[in-house]
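Me: Please give me a close look at one part of this structure, the packing around a single side chain, and then work outwards. Keep it brisk.

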Amino acid sequence: MWLTTLPGLLFSTIAVLGALRLDELGAGAAAIAAAFLVAAAFEAVAAPLIGRLSDRRGRLVPSALGVAGGGLVMLAFPWPEEALVLGLLIVLAGPLVGVLYTPAMAMLSDGADAAGVAQGFAFALVNLAWATGQTAGAAGSARLADAVGDDVPYFVLAGICALTLVGLLRRIRADRRAYIDS
């Protein structure tokens, strides 16, 4: 569930702080909407490709790629000083962060199957995890940015991505060792 919550945190932070920063840099409503629309389009194109990778290489490899990409994007967000550059970063963030959703949802589905739980319940868990991330990211990043500046939420989320990546890499190594030993 964490890998479904994390992209919600990242996306909602980008949606709140990124949109406000674009406005601050002089972008109009249409330009802001276009950045997020194009990001969503790229994410939609990437999702089936990530799904195929997830089916071939396992769920953890694309998850690790998504966490790494999400962390790098978060580190880049504080620096753009031009609306166009920030808009391009938002477009890039869509598929990089969106990589996480497909394997995470597949893992929840796989876990439900293994536990004998109905897929409808697994889908409810996906919604719960996603909504928690969206809400916590939007409210938390806005509150934190208001208190200490916009950079801090991005850096905190980059750190969370780094810790998550460490956990995923350990799991990937353990799975490979188990495969080799068997």
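Reply: **Phe42 and its surroundings**

Beyond its neighbours within four places in sequence, Phe42 is in contact with Val91 and Pro95; contact means heavy atoms within 4.5 Å. This is a predicted model, in which local features need pLDDT of at least 70, side-chain atom pairs count only at pLDDT 80 or more, and totals for chains, interfaces and linings use all residues. Residues are numbered from 1 along each chain as its sequence is written, and side-chain values use heavy atoms, leaving out hydrogens and water.

Phe42 is found in helix α2. Helices here are DSSP runs (H or I, at least four residues; strands are E, at least two), numbered from the N terminus. Is Phe42 buried, partly exposed or exposed? Phe42 is partly exposed because its relative accessible area is 44%; buried means under 20%, exposed over 50%, and partly exposed in between (1.4 Å probe, protein chains only). Leu169 is 127 residues away from Phe42 along the chain, and their C-alpha atoms are separated by 26 Å.

**The α1/α2 crossing**

Two packed helices are described by the angle between their axes and the distance between the axes. Helix α2 (residues 29-57) and helix α1 (residues 2-24) have axes that come within 10 Å and cross at roughly 150°. Axes are lines fitted to C-alpha atoms, for helices over the stretch in contact, and angles run from 0 to 180 degrees between N-to-C directions. The α1 and α2 crossing is right-handed. From α1, the contact uses Phe11, Ile14, Ala15, Ala19, Leu22 and Asp23; from α2, it uses Ile32, Ala35, Phe36 and Glu43. A right-handed crossing has the near helix turned clockwise from the far one by less than a right angle; anticlockwise is left-handed.

**Ala93 beside the crossing**

Phe36 also leads to Ala93: the two are 57 residues apart along the chain, and their C-alpha atoms are separated by 9.6 Å. Ala93 has its place in helix α4 (residues 83-98). Ala93 is buried because its relative accessible area is 1%. Not counting residues up to four places away in sequence, Ala93 touches Phe11, Ile14, Val73, Phe77 and Gly98. Phe11 and Ile14 are among the α1 residues that make the contact with α2.

**Further along α1**

Pro7 is found in helix α1. Its relative accessibility is 0%, so Pro7 counts as buried. Setting aside neighbours within four places in sequence, Pro7 is in contact with Val97, Leu100 and Tyr101. Val67 is 60 residues from Pro7 in sequence, and 8.5 Å from it in space, C-alpha to C-alpha.

Thr4 has its place in α1 too. Thr4 is buried because its relative accessible area is 1%. With neighbours within four places in sequence left aside, its contacts are Tyr101, Ala104, Met105, Leu108, Val126, Ala129 and Trp130. Tyr101 thus appears in the contacts of Thr4 and in those of Pro7.

**Charged pairs**

How many salt bridges does the structure hold? It holds five, a salt bridge being a side-chain nitrogen of Lys or Arg within 4 Å of a carboxyl oxygen of Asp or Glu. One of them joins Arg21 and Glu81, 3.2 Å from N to O. Arg21 sits in helix α1 and Glu81 in the loop between α3 and α4; this pair, 60 residues apart, links distant parts of the chain. Arg21 counts as buried because its relative accessibility is 17%. Glu81 counts as exposed because its value is 58%. Glu24 joins Arg21 and Glu81 in a network of salt bridges.

Arg59 has two partners. Asp55 is one, with the closest N and O atoms 3.0 Å apart. Asp110 is another, with the closest N and O atoms 2.9 Å apart. The latter pair spans 51 residues, linking distant parts of the chain: Arg59 in the loop between α2 and α3, and Asp110 in helix α5 (residues 101-115). Asp55 counts as exposed because its relative accessibility is 59%. Asp110 is partly exposed because its relative accessible area is 34%.

**Out to α7**

Asp181 lies in helix α7 (residues 151-181). Its relative accessibility is 68%, so Asp181 counts as exposed. Met105, a contact of Thr4, is 76 residues from Asp181 in sequence and 29 Å from it in space, C-alpha to C-alpha.
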